[in-house]
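Here are some short exercises to work through with the model open in your viewer. Try each task before you read its solution.

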Amino acid sequence: MFMDEQATKRLSTMARTLPIGSARAEAPAKTTRLRDLLQSPALAFIMEAHNGLSAKIVEEAGFEGVWASGLSMSAALGVRDSNEASWTQVLEMLEFMADATAIPILVDGDTGYGNFNNVRRLVRKLCQRGIAGVCIEDKLFPKTNSFIGENQPLADVDEFCGRIKAGKDSQSDDDFQLVARVEALIAGWGMDEALRRAEAYQRAGADAVLIHSKRETADEITDFCASWGARAPVVIVPTMYHRTPTQAFREAGVSMVIWANHNMRAAVTAMRQVSRAIKESESLTAVEGEITPVREVFELTGQAELAAAEARYLAAGGGYRAILLAASRGTALGPLTERRPKCMIDVRGEPLLQRLIRTLNKSGLRDVTVVRGYCKEAIALAGIEAVDNDRYDETGEAASLACAEGRLYGPCLISYGDILFRRHLLDGLLAADGDIVTVVDARRRTDSSRAPDRAVDWVRCSRPFTGSYLDDERVTLEAIWSDSAGADDAHGEFIGLTRLSAEGAAEVRAELDAMVKDGTLDKADLPELFARLIGRGVAVDVLYVTGHWLDVDDAFDLASLRNLV
Ligand code: SPV
Ligand code: MG
């Protein structure tokens, strides 16, 4: 009985995965998890996937395993389920699926792509690529899908047993699973033949048998299970008899259900709908709200992990992406901004934004995204990525930042596009601890070099600036507000330059999403975004500086900038 063998195998796996003296158990191998799913008395479910993305979605949905369907992988490649895709092309696909997921994959190996020799090589390669098991069917290469035609020829029993033995002898992992698929009912050879074949395949070393039926009811399946008993785990594919309640499979003693092709078919339905809607409307607007946001695709494919790795492995500053908010006109600068946004105002022969980007580049930040809006064509600088906020007239800084949300995967730097700062200030910010760190000018509140009626973004922090050499205590943001009057309780001025780690960027994305949902995004500026973050309990660290930066809001600022630079 297979339960006895199971106990023995389990002991051997424990010996492998728990070295003597080890205090921590390693996660069981994918092969072991598939074996346990097949041998457990509970009914297990695995779900079809046909590439890395769909495999991730299967895992995300909570399934314990993936069925790498031959039909679906072929269809995804645009070919028939008749071995038109070569086995190495399938192997490539499987490698992406195995890399993308932590759950076991049972591969539909069709007939094994030939005779015993092809099965040997297939199993060796599957083990090398981290696949947990293979299912081979007792038909002939090239195969035909079981739901096409009648009286498909079956393999000779002894020849097929040779394929099974060869596969089992070739596995490099003790727990790799070989499932033998019995097509006798599909081919119309009857129940006795199905049982005879299942028995032979189990004796040849198959870890489980898959009994396939194309009837609309599960009678054949339940009859097979009643005669088969518990000789080996039974796997089924209820595509045709989908109306049968799942409880009937439990009661029949089935071990595993394969939901065989439903992600591929769902994708066909969704892709057809979207393609038709876009073709007819010549616009994306109707479908945009109905489909997965690009941001979620980044999340699914692990963009945040890459951003964290960049921070770890690239040289200082090199892992950072800068997002510069440069969508507004700068109306206070009058005719100077008639044909260009204020960030492109000439400052002694060079646009302000170009100077800002040069400072970033010198500190190793070469991945620069500029959010454009007013006179966007005027921002044509080499080496930047442009993202447009075409609603710049009705929206504010937070909405501009949200336009770059696809780039907001940390570590990153957010800056107003109309400020300039000394490089040492940027280097200090890049080196500062914290997931969200913003620069505050402690000197600003007593500065008299600015237009008197100008609104300032004031901040209050956990403690004031001291300037002491010995003072390295953490400072965090406590409040932020705009006011044109002097603010006695402020500790300094928010200058619009902030560093985010990957985690900090995730917090900012979450806040922007919340602002979209509650309808506050369009009108909000950056200080409002920060006020919300701290209101939600997110720590915002402060890096105090005393000067060495400039912003350009009006002619007053521009005059002092031109004098200085
Ligand atoms: C597959 O998913 O490719 C299968 C199952 O082999 S079935 O199409 O039902 O035969
Ligand atoms: Mg198949």
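For sorting residues, Ala, Val, Leu, Ile, Met, Phe, Trp, Tyr, Cys and Pro count as nonpolar, Asp, Glu, Lys and Arg as charged, and the others, Gly among them, as polar. You're looking at a predicted model, where local features need pLDDT of at least 70, side-chain atom pairs count only at pLDDT 80 or more, and totals for chains, interfaces and linings use all residues. Residues are numbered from 1 along each chain as its sequence is written, chains are lettered from A and ligands numbered from 1 in the order in which they are written, and side-chain values use heavy atoms, with hydrogens and water left out.

**Exercise 1. Work out what lines the second largest cavity, and sort that lining by class.**

Step 1: get the rule straight. On a 1 Å grid over the protein atoms alone, a cavity is a set of points where a 1.4 Å probe fits but cannot get out; a pocket is an open set with protein on both sides within 12 Å along at least five of seven lines, and lining residues have an atom within 4 Å of a point. Grid points are joined across faces, edges and corners, and a volume is the space filled by probe spheres set on the points.

Step 2: list the lining, which is Gly70, Met73, Ser74, Asp81, Asn83, Ala85, Val90, Asp108, Asp110 and Tyr113. The space inside is about 60 Å³.

Step 3: sort it. You should get four nonpolar, three polar and three charged residues.

Step 4: find the top contributor. Helix 4 (residues 70-76) gives the most, with three residues; helices here (H or I, at least four residues) and strands (E, at least two) are DSSP runs, numbered from the N terminus.

**Exercise 2. Find where ligand 1 sits and what touches it.**

Step 1: place the ligand. Ligand 1 is in the largest cavity, where sitting in a cavity or pocket takes more than half of a molecule's atoms within 2 Å of its grid points. That cavity has a volume of about 160 Å³, and Leu71, Asn145, Arg181, His212 and Ala260 lie nearest its centre among 16 lining residues.

Step 2: collect the neighbours, meaning residues with a heavy atom within 4 Å. Among them are Ser69, Ser146, Phe147 and Val237. By class, this shell has five nonpolar, five polar and two charged residues.

Step 3: look for polar contacts (a pair of N or O atoms within 3.5 Å; within protein, one must be able to donate a hydrogen and the other to accept it, and residues adjacent in sequence count only if both atoms are side-chain atoms). Polar side-chain atoms lie 2.8 Å from a ligand 1 oxygen for Asp108, 3.1 Å for Trp67 and 3.3 Å for Asn145. The protein covers 100% of the 280 Å² of accessible area (Shrake-Rupley method, 1.4 Å probe; for residues, only the protein chains shown count as cover) that ligand 1 has on its own.

**Exercise 3. Describe the largest pocket.**

Step 1: its volume is about 770 Å³.

Step 2: 34 residues line the pocket, with Ser328, Lys342, Glu397, Asp418 and Asp553 nearest its centre.

Step 3: strand 19 gives the most to this lining, with three residues. The classes come out as 13 nonpolar, nine polar and 12 charged.

**Exercise 4. Which peptide bond is cis?**

Step 1: go to Phe141 and Pro142, where the connecting bond is cis, with omega near -5°.

Step 2: locate Pro142 in the loop between strand 4 (133-137) and helix 7 (157-170). Asn151 lies in that loop too, and has a positive phi of about 50° although it is not a glycine.
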